[in-house]
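Hi,

Here is the structure we talked about, ready for you to open next to your notes. Have a look at it first, and then read on for what turned up.

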Amino acid sequence: MDRVTKLASQNAVVIFTVSSCCMCHTVKRLFYELGVSPAIHELDQQPKGREMEKALATLLGHRPSVPAIFIGGRLVGSTDKVMSLHLSGSLVPLLKREGALWL
């Protein structure tokens, strides 16, 4: 859990993913298209990835535990939450407030 929270606080946007996950790909693409350069942590390519995935499942309160998106060091949630913020028009202002977007 400590590793997850430390990594989550090091960049304005941090996404924990698994390289074979289509929803992870979708979320990463959304952020890239918005002009955000998130820190991406591919858990299936990390030595302690399984442990980190278990910690994320605990934080999210469910499985699957990826993608897990942190903005400003705080857990926003998974794909459904980020897409909901985006569709409501709340995601871009949040990204600007946290220094992830300059426009």
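Below is a walk through what was found, from the inside of the fold to its surface.

One thing to keep in mind while you read: this is a predicted model, and everything below was computed from it.

**The core**

Let's start with the nonpolar residues inside. The largest nonpolar core has 17 residues, and the members that touch the most others are V4, F16, L43, M52, L56, A68 and F70. Which elements supply two or more residues to this core? They are α1, β1, α3 and β3. The biggest contribution comes from α3, which puts in four residues.

**The aromatic pair**

Two of those well-connected core residues, F16 and F70, turn up again when you look at the rings. There is one aromatic pair in the structure. It is made by F16 and F70, whose ring centres sit 5.7 Å apart with the planes at 80 degrees, so this is an edge-to-face arrangement. If you want to find the two rings in the viewer, go to strand β1 (residues 13-17) for F16 and strand β3 (residues 68-71) for F70. Because the partners come from those two strands, the pair ties together parts that are 54 residues apart in sequence.

Are these two rings buried or exposed? F16 has a relative accessibility of 0%, so it counts as buried. F70 is buried too, at 4% relative accessible area.

**A cis peptide bond**

Just ahead of β3 there is something to check by eye. Most peptide bonds are trans. The bond joining V66 and P67 is cis, with omega at about -5 degrees. P67 itself belongs to the loop between α3 (49-60) and β3.

**Salt bridges**

How many salt bridges does a search of the whole structure find? It finds three. Here they are, one by one:

- K28 with E42: the closest N and O atoms are 2.8 Å apart. K28 is in helix α2 (residues 22-34) and E42 is in strand β2 (residues 39-42), so this bridge links parts 14 residues apart in sequence. K28 is buried at 14% relative accessible area, and E42, at 15% relative accessibility, also counts as buried.
- R29 with E33: these side chains meet at 2.8 Å, N to O. Both residues lie in helix α2, four residues apart, which is about one turn of the helix. R29 counts as partly exposed at 48% relative accessibility, while E33 counts as exposed at 58%.
- R74 with E98: the closest N and O atoms are 2.8 Å apart here. R74 lies in strand β4 (residues 74-77) and E98 in the segment after α5 (91-97), so the bridge ties together parts that are 24 residues apart in sequence. R74 is partly exposed, with a relative accessible area of 49%, and E98 is partly exposed at 25%.

So K28 and E42 are a buried pair, because their values of 14% and 15% fall under the 20% cut-off.

**Cysteines**

If you were wondering about disulfides, the structure holds zero of them. C22 is in no disulfide, and its nearest cysteine sulfur, on C21, is 5.6 Å away. That distance does not meet the cut-off of 2.5 Å for a disulfide. C22 has 57% relative accessibility, so it counts as exposed.

**On the surface**

There is a nonpolar surface patch of about 240 Å², made by M1, L59 and L75. M1 lies in the segment before α1 (2-8). With a relative accessible area of 44%, M1 is partly exposed.

Last stop is D44, which you will find in the loop between β2 and α3. D44 is partly exposed, at 41% relative accessible area. Its C-alpha atom is separated by 12 Å from that of C24, and the two residues are 20 apart along the chain.

**If you only have a minute**

Open the F16 and F70 rings and look at their edge-to-face packing. Then turn to the cis bond between V66 and P67, and finish with the K28 and E42 salt bridge.

Cheers

Methods
Residues are numbered from 1 along each chain as its sequence is written. This is a predicted model: local features need pLDDT of at least 70, side-chain atom pairs count only at pLDDT 80 or more; totals for chains, interfaces and linings use all residues. Side-chain values use heavy atoms; hydrogens and water are left out. Rings of Phe, Tyr and Trp (its six-membered ring) pair if their centres lie within 6.5 Å; planes under 30 degrees apart count as stacked, over 60 as edge-to-face and the rest as tilted. Buried means under 20% relative accessible area, exposed over 50%, partly exposed in between (1.4 Å probe, protein chains only). Patches are made of residues with over 30% relative accessible area and no salt bridge: like charges are joined within 9 Å, nonpolar side chains (Val, Leu, Ile, Met, Phe, Trp, Tyr) within 5 Å. Accessible areas come from the Shrake-Rupley method with a 1.4 Å probe; for residues, only the protein chains shown count as cover. A salt bridge is a side-chain nitrogen of Lys or Arg within 4 Å of a carboxyl oxygen of Asp or Glu. A nonpolar core is a set of buried Ala, Val, Leu, Ile, Met, Phe, Trp, Tyr and Cys residues joined through side-chain atoms within 4.5 Å.
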